[in-house]
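Thank you all for making the time this morning. I would like to walk you through one structure, slowly, and take a few of its features in turn.

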Amino acid sequence: MDRSLVLNNVKTLTRGNFGVPVMLMGLLGMMILPMPAFLLDVFFTFNITLSIVILLVCVYALRPMEFASFPTVLLVATLLRLGLNVASTRIVLLEGHEGGDAAGKVIESFGEVLIGGNYAVGLVVFAILMIINFLVVTKGAGRVSEVSARFTLDAMPGKQMAIDADLNAGLINQDEAKHRREEIAQEADFYGSMDGASKFVKGDAVAGLLILAINIIGGIAIGMMQHGLDFGLAVERYALLTIGDGLVAQ
């Protein structure tokens, strides 16, 4: 598929006036209404597919402004992930005592792949992955966005003066000068939006860690007190679901 066609399709979706309200209503529905396991599988699969598409578009974009809607898309994807986190937490706490497939096949499959038959090793590896995601990836991306926004804004006066100098020297015409000024303004808006989006993603990472703690601690307590599971069985079932949920969502 042509790269420019993919970028134009993404921009059209993000600028639409109808898709955003529908998406917000769907997110509220996921957070408030109970969701069956098969529907949760569908949304998790869509979330993974959307993440892969965003990654490929970012890789094949030659310039940042070719994917100027990336901050908006990132916020939408983060909101979708938060909604799925809430929906999956509800299912894990309500139905987790029934077994690994209580929260859907996707969560069960991811949990079984990481655990590999040893729950202690699986929990340790999962904790390492969460630390890497929060301390390295999220904080590093936030710092890069902050520095990029700062240097871009600091360089704006110099770029504007260079455009004025070229215009006065007759190297460019009025239309070209206007086009360059618009590009500079769009670039500043892009990096400023990325700085804000990175802080939003950092908050999402913190919320994800808290949700994971709630899943494992609350799940074990509910399994033992309400469903009569012994400690070992409760840890086995809720650890599988918690790890699978964390991997799929993060």
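Let me begin with a single residue: in which helix is the place of V144? The answer is helix α6, which covers residues 119–168, and I should say straight away that what we are looking at is a predicted model. V144 counts as exposed, because its relative accessibility is 53% and the cut-off for exposed is over 50%. If you look from V144 across to L75, which is 69 residues away along the chain, you will find their C-alpha atoms separated by 17 Å.

Staying with helix α6 for a moment, let me turn to the charged pairs. How many salt bridges does a search of the whole structure find? It finds 2, and one of them is formed by K159 with E187, where the closest N and O atoms are 3.5 Å apart. This pair links distant parts of the chain, since K159 sits in helix α6 while E187 sits in helix α7, residues 174–225, with their positions 28 residues apart in the numbering. K159 is partly exposed, at a relative accessible area of 32%, and E187 also counts as partly exposed, at 23%.

There is also a salt bridge between E176 and R180, with the closest N and O atoms 3.2 Å apart. Here both residues belong to helix α7, and they are 4 residues apart, about one turn of the helix. E176 is partly exposed, with a relative accessible area of 32%, and R180 counts as partly exposed at 28%.

Helix α7 also brings us to the packing of helices. The axes of α7 and of helix α4, residues 70–95, come within 9 Å and cross at roughly 5°. The two helices are therefore roughly parallel to each other, because angles under 35 degrees count as such. The residues of this contact divide into 17 nonpolar, 7 polar and 2 charged.

Finally, the interior. The largest nonpolar core has 21 residues, of which M30, L40, F44, L84, A103 and I107 touch the most other members. Helices α2, α3, α4, α5 and α8 each supply at least two residues of this core, and α8 gives the most, with 6 residues. Which residues does I107 touch, leaving aside those up to four places away in sequence? They are L40, F44, S88, L241, G244, D245 and V248. Apart from this core lies another, of 12 residues, among them A61, F67, Y191 and M194.

Notes. Residues numbered from 1 in each chain as written. Predicted model: local features only at pLDDT ≥ 70, side-chain atom pairs only at ≥ 80, totals over all residues. Heavy atoms only, no water. Buried < 20%, exposed > 50% of the residue type's maximum accessible area, 1.4 Å probe, protein only. Salt bridge = Lys/Arg side-chain N within 4 Å of Asp/Glu carboxyl O. Axes fitted to C-alpha atoms, helices over the stretch in contact; angles between N-to-C directions. Parallel < 35°, antiparallel > 145°, perpendicular 65-115°, else oblique. Nonpolar A, V, L, I, M, F, W, Y, C, P; charged D, E, K, R; others polar. Core = buried A, V, L, I, M, F, W, Y, C linked by side-chain atoms within 4.5 Å. Contact = heavy atoms within 4.5 Å.
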